Amino acid sequence: MSEGGFHAHGPHDHALEHEANAEPHGMAGRLAVATAIIATIGAIFAYMGGMKQLNAGLYKNEAAIKKTEAANQWAYYQAKNNRQNISEIAVDLAPDARKEYYKGEAARYRAEKAEIQKQAEELEKETTVWNERSEHELQEHERWQQATTALQVSIALAAIALLTRSRRLQYGVYVLAALGIVMGLLAWMHV
């Protein structure tokens with residue numbers, strides 16, 4: 001720039017200034033926009049996959065808790081069973097004055113065992129439900145991860161397409177990204 005405010009551009013300066021102020025265009029611009037969109041969708045899919053994985057772990061933990069509670073009930077059942085057996089043996093060995101007492105004890109333990117068995121079986125059913133929920137969440141997690149992986153590969157392919165200026169790879173980016181998005185939509189719809 002001269003002192004009087006007059007500025008002369010050369011042809012190269014004019015082209016650079018025009019490029020700096022221009023909207024993204026051409027292959028590089030399209031790939032840059034596509035990559036940003038794909039990365040955003042990929043981040044959402046990765047979040048969903050992570051949530052499914054977290055839920056699967058929580059459900060598996062709940063199944064383990066219910067399984068432990070069921071095992072405790074079965075141990076309690078076995079203790080009552082042992083006491084019932086001892087009471088039944090005592091009926092045969094005790095003096096006549098104590099036989100009725102031990103018959104009553106054996107009947108009481110038999111009744112208590114029935115309730116304990118019912119609780120243990122119910123806890124085992126709950127264990128099965130929690131395990132099934134965990135497996136379902138893991139399957140959905142896998143679907144989200146497949147969709148995320150397809151999008152990540154399409155982003156990597158975009159970089160290669162840009163460096164090689166390959167139109168075929170550019171179209172491959174779009175196809176792979178579309179495949180990843182479809183997979184994500186299917187995961188979202190639980191298909």
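Here is a walk through this protein chain, from its overall layout down to single residues.

Keep in mind that you are looking at a predicted model. Start with the big picture. The protein chain has 4 helices and 0 strands, and if you read along the sequence you get the pattern α-α-α-α. Three of those helices will come up often: α2 covers residues 26-93, α3 covers 96-164 and α4 covers 167-188.

Next, how does the chain meet itself? Take the contacts with a separation of 6 or more: 80% of them are between residues 24 or more positions apart. As for the outside, the chain exposes about 12,700 Å², and carbon and sulfur atoms supply 61% of that area. Buried residues, meanwhile, make up 27% of the 191 residues.

Now let's go inside. In soluble globular proteins, nonpolar side chains tend to be buried together. In this model, the largest nonpolar core has 15 residues, and the ones with the most contacts inside it are Leu31, Ile38, Phe45, Leu151 and Val173. Helices α2, α3 and α4 each supply at least two residues of this core. Which helix gives the largest share of the core? That would be α3, with 6 residues.

Phe45 is a good place to pause. If you skip residues up to four places away in sequence, Phe45 touches Trp144, Ala147, Thr148, Leu151, Gly180, Ile181 and Gly184. Try finding Phe45 in the structure and picking out these partners, including Leu151 and Ile181.

Two of those partners turn up again when you look at Ile41, a residue of helix α2. With the same kind of close sequence neighbours left out, up to four places away, Ile41 touches Leu151 and Ile181. Ile41 and Leu151 are 110 residues apart along the chain, yet their C-alpha atoms are separated by 8.1 Å. Is Ile41 buried or partly exposed? Its relative accessibility is 21%, so Ile41 counts as partly exposed, because buried means under 20%.

From Leu151, hop along to Ser154, which sits in helix α3. Ser154 has 0% relative accessibility, so this residue counts as buried. What does the side chain of Ser154 have beside it? A polar atom of that side chain lies 2.7 Å from the backbone oxygen of Leu151. Leaving aside neighbours within four places in sequence, Ser154 is also in contact with Ile38, Val173, Leu176 and Ala177. You've already met Ile38 and Val173, which are among the residues with the most contacts inside the core.

Helix α3 holds another buried residue worth a look, Glu105. Its relative accessible area is 14%, so Glu105 falls under the 20% cut-off for buried. The side chain of Glu105 makes a polar contact with the side chain of Arg108, at 2.7 Å.

Time for the rings. A search of the whole structure finds 4 aromatic pairs. One of them is formed by Trp74 and Tyr77, which meet edge-to-face: 5.5 Å centre to centre, with 80° between the planes. Why are these two separated by about one helical turn? Because they are 3 residues apart in helix α2. Their surroundings can be compared through accessibility: Trp74 is partly exposed at 26%, while Tyr77 counts as buried at 17%.

Rings can have charged company too. The charged end of Arg98 sits over the ring of Tyr101, 4.5 Å from the ring's centre. Likewise, the charged end of Arg133 sits over the ring of Tyr59, and here the distance to the centre is 4.4 Å.

Finally, take a look at two residues with an unusual-looking label in the backbone angles. Arg165 has a phi near 55°, a positive value in a residue other than glycine. Where is Arg165? You'll find it in the loop between α3 and α4. At 58% relative accessibility, Arg165 counts as exposed. His190 also has a positive phi, near 60°, and again the residue is not glycine. His190 lies in the segment after α4, and at 52% relative accessibility it counts as exposed.

Key:
Residues are numbered from 1 along each chain as its sequence is written. This is a predicted model: local features need pLDDT of at least 70, side-chain atom pairs count only at pLDDT 80 or more; totals for chains, interfaces and linings use all residues. Side-chain values use heavy atoms; hydrogens and water are left out. A nonpolar core is a set of buried Ala, Val, Leu, Ile, Met, Phe, Trp, Tyr and Cys residues joined through side-chain atoms within 4.5 Å. Buried means under 20% relative accessible area, exposed over 50%, partly exposed in between (1.4 Å probe, protein chains only). Contact means heavy atoms within 4.5 Å. Rings of Phe, Tyr and Trp (its six-membered ring) pair if their centres lie within 6.5 Å; planes under 30 degrees apart count as stacked, over 60 as edge-to-face and the rest as tilted. A charge sits over a ring if NZ of Lys or CZ of Arg is within 6 Å of the ring centre and within 35 degrees of the ring normal. Accessible areas come from the Shrake-Rupley method with a 1.4 Å probe; for residues, only the protein chains shown count as cover. A polar contact is a pair of N or O atoms within 3.5 Å; within protein, one must be able to donate a hydrogen and the other to accept it, and residues adjacent in sequence count only if both atoms are side-chain atoms.
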